[in-house]
Every structure is written in structure tokens, then in C-alpha cells.
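Notebook open, structure loaded. I wanted to look up a helix pair, the ligand shell and an annotated stretch.

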Amino acid sequence: MDERENTPQTGESGDESGTAGDRSGTTDVDEADDPDNLGADLDDPPSSGTPSRSDRSAPGTDESDSTTDNPTSGDPTDNPTSGDPTDNPTSGDPTDNPTSGDSSLPDPTSIDDVSTDIDVGSGGRDRSSTDVDFDGVVLDDDDENQGLFDDLLSGEPIFENKEVLRPSYTPHELPHRNDQINRMATILVSALRGETPSNILIYGKTGTGKTASAKFVSQELESTSQKYDVPCEVEYINCEVTDTQYRVLAQLANTFIEQNQAVIADRLDRCRELRSTAVDDPSALADTEFAAVEELDARIEELEADADEMEEVPMTGWPTDRVYSTFFEAVDYHERVVVIMLDEIDKLVEKSGDDTLYNLSRMNSELNRSRISIMGISNDLKFTDFLDPRVKSSLGEEEIVFPPYDANQLRDILQHRADIAFKQDALTDDVIPLCAAFAAQEHGDARRALDLLRTAGELAERSQAEIVAEKHVRQAQDKIELDRVVEVVRTLPTQSKIVLFAVILLEKNGVHNINTGEVFNIYKRLCEEIDADVLTQRRVTDLISELDMLGIVNAVVVSKGRYGRTKEMGLSVPVEETEAVLLSDSRLGDIENAQPFVQARFDN
Ligand SMILES: Nc1ncnc2c1ncn2[C@@H]1O[C@H](COP(=O)(O)OP(=O)(O)OP(=O)(O)O)[C@@H](O)[C@H]1O
């Protein structure tokens with residue numbers, strides 16, 4: 001392999017990785033945090049207890065919907081609770097039985113009919129009992145005794161294919177994005193001619209179809225390159241997850257190494273085959289680059305050495321310049337044009353500066369066989385302000401803006417998806433326009449519109465409705481809003497949670513226009529109660545401003561004349577749910593019993 005001098009900018013060392021993965025944990029709403037289960041994900045079977053009926057009709061189509069994993073949600077006849085009681089896996093250990101203790105379940109009186117071996121005297125926990133739960137729940141296949149899921153499965157499904165409403169689905173058609181898609185294609189077509197395409201920066205607010213359009217164009221590019229046998233690839237990196245130079249380079253290097261190994265294996269096969277023919281018949285080498293078998297042997301040795309040399313980059317531990325040179329050699333191993341798609345590129349710059357972009361954007365001048373081009377996607381229009389001017393001009397050779405969708409455009413998008421996602425006539429006429437109108441109010445976010453439609457469908461399904469109606473959309477809007485609040489509150493730092501709890505206590509005690517001093521007094525007592533550090537009033541005021549910015553409280557500065565100014569605030573989120581989320585934090589668990597004295601005010 002070629003040895004080259006590559007001196008990348010290394011603004012970081014290899015050992016910094018291992019942090020980004022932690023982010024994923026923040027998106028999960030712990031259902032235990034949410035007593036009414038309002039904040040829990042609808043797809044979460046333990047919280048809903050109501051498997052999607054659509055999953056029965058199309059088992060396995062919805063891999064992210066865990067209800068499909070439920071053995072009871074497939075063919076009802078396979079339902080372990082309704083089959084041969086002796087085979088019933090749930091009856092082996094009654095304590096594991098999800099149905100135990102549910103009084104709404106099948107007629108407990110039938111216990112007498114079937115249970116001869118149940119030992120009620122010993123608590124009924126007779127593990128040898130094959131068909132009776134100790135609480136009297138009968139799990140046999142008697143027609144009259146419907147299992148837990150039978151009722152839920154009996155209705156007509158609303159969804160035909162829920163998967164198409166999920167963010168993971170890449171649509172084959174992207175209405176109202178033709179201009180942007182055509183522009184991308186016009187720029188990238190040079191890759192198919194073996195030239196280097198200009199770098200592209202794609203901007204637009206969240207949910208405006210940037211990623212979906214870019215992925216669509218990439219797929220087209222790759223399939224056309226295969227058709228014409230031109231070596232051209234697109235590598236997608238989500239910089240929200242892969243957010244350091246080390247990780248980006250390591251991920252790219254490993255992808256190329258894997259591809260190179262496949263190329264080497266293929267070349268080796270061909271060389272070995274040629275060799276075995278050429279040993280008996282030297283004329284087989286006539287039309288090849290090899291004059292003699294020895295040359296072929298040398299080539300085989302060289303390829304074997306290349307394969308051995310290609311070492312995967314570990315996800316941590318190497319110095320960054322070593323990762324860079326490994327990536328460099330891997331990408332330049334054979335001729336190709338590579339488009340590196342950096343989604344959420346602003347997150348990469350925010351976390352680790354512009355070194356990665358600097359190194360990538362100047363690579364072409366050093367590469368011998370390959371060419372790279374960068375496609376950056378961002379919803380932060382200002383992130384280029386933080387870039388080195390050279391990086392900025394090279395990266396923004398072409399800029400494509402994705403404007404927000406208006407309500408009519410969202411309606412088209414939803415209609416396209418709804419046609420595939422729902423059963424015929426499963427939606428009333430006003431459902432799609434209402435979802436579109438709600439999402440257009442937000443900022444023309446197609447993701448939000450699709451979420452609304454899916455959630456409305458799920459709520460309708462849960463309530464065993466035949467069709468999705470306007471009220472389900474409104475409920476879905478409330479639920480999504482509440483989920484957002486729950487998520488924001490759950491991920492607040494402990495001190496902010498205590499401050500928020502103080503506001504809640506005051507509000508619950510009927511205090512309106514709460515002022516900073518009142519919050520601080522209660523906050524101090526709460527801190528003492530749970531043994532937390534007490535911050536200064538000034539710091540607490542800052543935390544209140546942060547809560548205000550997050551939309552959790554609404555604070556206004558009011559002048560009290562000669563007594564100076566104070567902040568007056570009220571809660572902008574539902575009290576009960578917010579309180580429940582706060583109490584689910586183990587550090588704040590004890591706070592529930594703390595009842596600091598809240599002084600009544602005459603002006604309330
Ligand atoms: N024109 C469209 N037609 C069909 N679906 C669309 C269209 N635009 C967006 N979507 C869908 O909306 C969702 C969000 O789109 P996408 O992820 O592309 O947005 P984005 O602009 O990249 O947002 P973000 O900046 O938050 O990543 C996806 O499910 C996508 O399939």
C-alpha cells in the first residue's frame with residue numbers, strides 16, 4: 001500500500017469517544033415515570049397492554065413494534081394461553097404470568113370445573129397446575145373463556161401497514177421536493193462521470209425532508225452507478241451519534257476496509273483461478289497484465305499482504321492521525337468517487353470543532369485513485385459562522401434550502417402515506433387536514449404531521465374505535481405535547497427539578513403569580529429535606545429563567561416600585577403529570593413527604 005505523508009489537524013485524541021452513545025438513553029420515557037401512562041410510548045406493550053390489531057394481520061411487518069414479538073399477537077390459534085393447557089408456558093410459573101391478579105379476566109368461577117390439582121390452601125401457588133392460575137384465572141381453551149388478548153384481537157384492524165408512518169421508513173415518493181431532489185441530482189451526476197461533485201450543504205428546519213430526500217438521491221445514485229458499473233458510493237453518517245473526529249474517521253475507515261477486503265478477496269480468487277489455469281497452459285496469460293506465472297504469484301502475495309495489513313480501527317484508543325491515515329489509505333485503495341453524507345453536521349461542529357471538515361475537505365488534493373465529496377445536512381442555519389473561512393467556502397460550494405411545508409403540502413404528504421398505512425375508509429375526511437393544520441402551525445414539520453397521524457390511529461385502535469376521527473387527532477396532539485413535556489422534565493438536572501417542585505408546591509397551595517423569593521424559600525427547605533446542596537438565590541433565579549426558556553414555567557419580570565423588581569411565574573405544564581415525573585427521580589423520591597409550610601398571601 002502507498003505510504004503517504006498525511007498531517008491532519010488533530011483537535012482531539014482518540015480516547016474521547018465513548019460518550020455519545022449515552023445520548024440514546026435520554027429519549028426513552030420510562031413508563032414508571034408516568035402514572036397515567038400518558039407519557040409512555042404507545043408502542044410499549046407492557047404499558048399499553050393492548051397489542052396492535054394490525055400486527056395480527058401483518059405479523060413481522062413492524063419490527064420496531066414490540067407487540068409483534070408477543071407470542072400471543074400472531075395467529076390467535078397459536079396463542080399459548082389458548083392452546084393445550086399442558087403446553088401453556090404461562091402456567092408453569094404462575095408468578096410469571098402477566099395475567100395473574102387481573103380481576104377483569106375470564107370467569108374465575110370456572111376454576112371449579114377444571115381445577116382438581118389446585119392447592120388453594122397453600123396460596124394456590126401450585127406450580128404443577130397446568131391450566132389454572134392461583135388467582136383463579138383460567139387459561140384453558142374453553143371458547144367462553146377468552147384470553148387476555150383475544151378481545152383485543154377481535155376488532156377490525158385500522159392499520160394496513162403502520163410501518164410506513166414511522167420515521168425509519170424511506171418513502172419512494174417525496175411530494176413537493178422535486179426541485180431540491182433535482183438540484184442534488186444535477187450536482188451529484190458528475191460522480192457517475194468519474195469527476196468530483198461539488199460539496200453540498202443542505203439547510204432547512206426539522207422535518208422538512210432533508211434526510212429523506214438526500215437518502216433518496218443517494219439510493220438512486222448508487223443504483224445508477226451499479227447499472228453503469230461506475231465505482232461510486234455514498235456513506236451516511238449521523239453526526240448526532242458519531243460526533244467526534246475520531247469516530248467519524250474510524251467509522252468511515254472501517255466501512256472502506258470492509259469493502260476493500262471484499263475487493264481483495266475477489267481479486268485473489270480471480271488471480272488464483274488464473275494461476276491454476278496458467279500453470280498447465282501459459283497461454284492463458286496472453287491477454288492479461290501478467291507476463292509469467294511468477295508475476296502472478298507476486299501479485300497474489302501482494303494482495304495477501306494488503307489483506308493482512310488492513311487493520312480495523314478500534315472505536316477508541318488510537319491517536320487521531322493514525323486513524324486519519326488508515327482512513328486515507330482505505331479510501332484510496334482503489335478508484336472510486338465517494339460522497340460522504342454528514343447528517344446533523346452542526347452537531348459535529350458543535351461537539352468537536354471543524355477539524356474533521358477541514359481534513360475531509362482538503363483530502364482530494366492528496367488522494368491518488370479516489371475522490372471524495374461532502375454532503376452536509378443541518379437544521380441550524382448559523383452553524384457555518386463557527387467554521388474556518390476555508391472550510392466554510394469549500395463546504396458551501398452548493399447550498400440547497402428546504403423550506404417548511406405549508407398545510408396543503410403536508411396534506412398531500414399525509415395522504416400519500418395514509419393510503420398505504422391505513423385500511424380503506426379507516427379515516428374520516430377531517431383527519432388528514434387537521435393533522436396537516438396542526439403540524440403546519442408548528443413550523444411545517446412533516447415528521448410531526450406523520451407522528452400525529454400515527455398516534456391518532458393508535459389511540460383509535462386502543463379505544464377499539466372502528467375509524468380514526470377528529471377527536472383522536474386532538475387527543476394525539478395533547479399526548480405528543482405531554483410526552484414532550486415529560487421528556488424535558490425528566491432530563492432536567494436535579495437542582496432544576498427541585499426548583500420546579502417548589503413552584504408546583506406553591507401552585508398546588510393556590511399561590512398565583514409566584515415570585516422568586518417564595519420559590520427560593522420553599523426550594524431551600526426542600527433541599528434540606530433531601531440533603532441536597534442549596535444554591536444561592538441568584539443561581540435559583542437563573543434556573544427559573546432556564547425553565548422559562550424550556551416552556552415549563554412562564555415567568556415575567558414585574559416592577560415593585562421602590563421594592564425593586566421580581567420575577568412572577570406560573571406553571572405552563574400540567575401539574576399532576578409533571579409532579580409524577582419529578583417524583584420518579586430517585587433523588588427526589590423523599591421529597592413527596594416533605595410539606596414545607598407555604599405561606600398564604602393576601603393578594604392571591
Ligand atoms: N415530501 C415528503 N414526502 C413524504 N414524506 C416526507 C416528505 N418530507 C418529509 N417526509 C417524512 O417526514 C419525516 C421527516 O423527514 P426528514 O427526516 O427527511 O426530515 P429532516 O428535514 O431531515 O429533519 P431533521 O432535520 O430533524 O433531521 C420522515 O419520516 C420523512 O419520510
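I started with helix α19 (residues 516-530) and helix α20 (residues 537-549), which pack with their axes 10 Å apart at an angle of about 110°. This is a predicted model, so I am reading computed geometry here. Angles of 65 to 115 degrees count as roughly perpendicular, so α19 and α20 are roughly perpendicular to each other.

Next I listed who makes that contact. From α19 I get Thr516, Val519, Phe520 and Tyr523, and from α20 Gln537, Val540, Thr541 and Ile544. By type, the residues of this contact come out as five nonpolar, three polar and no charged.

Then the ligand. Which residues come nearest to it? Of the 19 around the ligand, I noted Thr206, Gly209, Lys210, Thr211 and Ala212 as the nearest. The elements giving two or more residues to this shell are α7 (210-227) and α16 (446-462). I sorted the shell into eight nonpolar, eight polar and three charged residues.

Why does the ligand lie between two domains? Domain 2 (178-402) and domain 3 (407-487) both give residues to the shell, so the ligand lies between them.

Last, I checked an annotation. The unreviewed UniProt entry marks residues 286-313 as "coiled-coil region". In the model I find that stretch to be 61% helix and 0% strand. Its end C-alpha atoms are 40 Å apart.

Conventions: Residues numbered from 1 in each chain as written. Predicted model: local features only at pLDDT ≥ 70, side-chain atom pairs only at ≥ 80, totals over all residues. Near = placed C-beta within 6 Å. Helix = DSSP H or I, 4+ residues; strand = E, 2+ residues; numbered from the N terminus. Nonpolar A, V, L, I, M, F, W, Y, C, P; charged D, E, K, R; others polar. Domains from an automatic or database assignment. UniProt positions renumbered as here; feature names shortened; annotations may be inferred. Axes fitted to C-alpha atoms, helices over the stretch in contact; angles between N-to-C directions. Parallel < 35°, antiparallel > 145°, perpendicular 65-115°, else oblique. Contact = placed C-beta atoms within 7 Å.
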